Amino acid sequence: MSKNGHNNPAFVNDVTDKPLKKYSLELSEKGEKYAAALKDVDADYNPYENRQVEHPTTNSETLFHLLKGSLGTGILAMPNAFKNAGYITGSFGTIIIGLICTYCIHQLIKAEYELCRRKKIPSMNYPAVAETAMLEGPTIFQKCSPVIGHLVNTFLLIYQLGTCCVYVVFVSSNIKSVADYYLETPVDVRLCMLIILLPLILINWVRNLKYLAPFSTLANAITMVSFGIICYYIFREPVTTDGKDDFAPLNGFPLFFGTVLFALEAIGVILPLENEMKTPKHFGGSCGVLNVAMTLIVFLYVGMGLFGYLYYGHEIEGSITLNLPSKDVLAQCVKGMLAFAIFITHGLACYVAIDITWNDYVAQKLGPQRKKLFWEYAVRTGLVLVTFLLAVAIPNLELFISLFGALCLSALGLAFPALIQISTHWYTTKGIAKAWLLSSNFILIVVGVLGLVIGTYTSLAEIIATFTDD
């Protein structure tokens, strides 16, 4: 997948050749021996100092990339999330979920650093961290290590494809909203999806991201301007709590939970961003890049969710852009600009899904042959068609967002980091420290599993109900 991936031969050899590996099959019986062996690891090895990055990013650039990865369709869905929770539950719930997500990301970063130090390698990606961590845990975890990397990749793939589905629905819905004002007959949103299908396929045929970079920069600028205009519409009249729920019925909370997770979490880009930093030790810390970024993100999300819901109330749509007055040219410009920006972002989001599918699985089975390029384009086209067909089947923005947030990010953002933390420090902690390690991470795993099961069930039930009504 990448130079840090678990399929990199250098990585595999480096791990299996280390002295610690010979203990992995005996950890359950020789935990003390393993813990003692850790002391033989070169304590002076610093993964950060041994990374060789061709074009390292500065702290500010990393901060910008992290903000860019988190500020998209998710923030525009936050008012709808607050409708499902109430403005008091929504405000405090978003802050609490933000704190939990930030804590889990810190745990993942610390586990990566510790595992890299033990194995004397500079960096790893998410599947590699999970796979290596399981080898450091008890015997039952070791038996799961060959599977965990593929499981993480599966959730990442589903999440990225789900994000692309959200993008297809978002772009089509906003195009429809503008077109309906100028046409006598309302346009079917599925027709809009069909119109953008060929452009979506073509943009995903771009094999080098550097050709999309100028468009991505333009999309970011457009997004910032559009957010400013949306704020103008929200605050041009006084907002009021009259007729708004402070605490919504509990059955809507799973939808809120899934939407907030989808909006807040950028777990797929965390390790790649940290691995490419010029000063990666500044990523964590109390005033590090991660905490600064998450503070800004949570603040913006609470603000957009709270004031968007207080202004539009129960009439709020899956994206707040769909509530903007259709007759205003300025509002039409916002919808058109954001549709263009998210269209460009589809190419970036699907790039990750293509990378996982092609490089980690399909290309390895094909072997060297002349038609390899043909099959790569076939994979690219197929993945776009998957996102297109799912969007056509269920063109419901808010339910898509909640479904993929609950399904994938409950696991990737909460449960897996906790499991990795337990495995990494299983034989190196004792007494109160181990009790805290197990209890705190067990709670996170339970929250993640409950969020996955209940959130996914609720979203699927709503999707089935919507599909049945149609």
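A residue is called buried when its relative accessible area is under 20%, exposed when that area is over 50%, and partly exposed in between (1.4 Å probe, protein chains only). The exercises below apply this and other terms to a predicted model, in which local features need pLDDT of at least 70, side-chain atom pairs count only at pLDDT 80 or more, and totals for chains, interfaces and linings use all residues. Residues are numbered from 1 along each chain as its sequence is written, and side-chain values use heavy atoms, with hydrogens and water left out.

**Exercise 1. Describe the chain as a whole.**

Task: State how many helices and strands the chain has, and what percentage of its residues count as buried.

Solution. Step 1: helices (H or I, at least four residues) and strands (E, at least two) are DSSP runs, numbered from the N terminus. By this rule the chain has 17 helices and zero strands.

Step 2: the chain has 470 residues, and 55% of them count as buried.

Step 3: the accessible surface, taken from the Shrake-Rupley method with a 1.4 Å probe, where for residues only the protein chains shown count as cover, comes to about 21100 Å². Carbon and sulfur atoms account for 66% of that surface.

Step 4: a contact means heavy atoms within 4.5 Å. Among contacts between residues at least 6 apart in sequence, 83% join residues at least 24 apart.

**Exercise 2. Explain how Glu 112 is placed and paired.**

Task: Determine whether Glu 112 is buried or exposed, and which residue forms a salt bridge with Glu 112.

Solution. Step 1: Glu 112 counts as buried because its relative accessibility is 0%.

Step 2: a salt bridge is a side-chain nitrogen of Lys or Arg within 4 Å of a carboxyl oxygen of Asp or Glu. Glu 112 forms one with Arg 51, and the closest N and O atoms are 3.5 Å apart.

Step 3: this pair links distant parts of the chain, since Glu 112 is in helix α6 and Arg 51 is in the loop between α2 (31-38) and α3 (59-70), 61 residues apart.

Step 4: Arg 51 has a relative accessibility of 13%, so Arg 51 also counts as buried. The structure holds nine salt bridges.

**Exercise 3. Examine salt bridges within single helices.**

Task: Find how many residues separate Arg 117 and Glu 114 in helix α6, and Asp 180 and Lys 176 in helix α8.

Solution. Step 1: in the salt bridge of Arg 117 with Glu 114, the closest N and O atoms are 2.9 Å apart. The two are three residues apart in helix α6, which means a separation of about one helical turn.

Step 2: Asp 180 and Lys 176 meet in a salt bridge of 2.8 Å, N to O. They are four residues apart in helix α8, and therefore also separated by about one helical turn.

Step 3: an α-helix has 3.6 residues a turn, so residues three or four places apart point the same way.

Step 4: Arg 117 is buried, with a relative accessible area of 16%, and Glu 114 is buried at 15%. Asp 180, at 25%, is partly exposed, as is Lys 176 at 22%.

Step 5: salt bridges that share partners join Glu 114, Arg 117, Arg 118, Lys 119 and Glu 136 into one network.

**Exercise 4. Follow helix α8 and a neighbour.**

Task: Establish where the kink in α8 lies, and which residues Ile 196 touches.

Solution. Step 1: helix α8 (residues 139-182) has 44 residues and reaches 65 Å from its first C-alpha to its last. The expected span, 1.5 Å times one less than the number of residues, is 64 Å, close to that value.

Step 2: the bend at a residue is the angle between axes fitted to the seven residues ending there and the seven starting there. A kink of about 55° lies at Ser 145, shortly before the proline Pro 146.

Step 3: Ile 196 is in helix α9 (residues 189-203) and is buried because its relative accessibility is 8%.

Step 4: not counting residues up to four places away in sequence, Ile 196 touches Val 168, Val 171, Ser 172 and Ile 175. Ile 196 and Val 171 are 25 residues apart in sequence and 8.6 Å apart in space, C-alpha to C-alpha.
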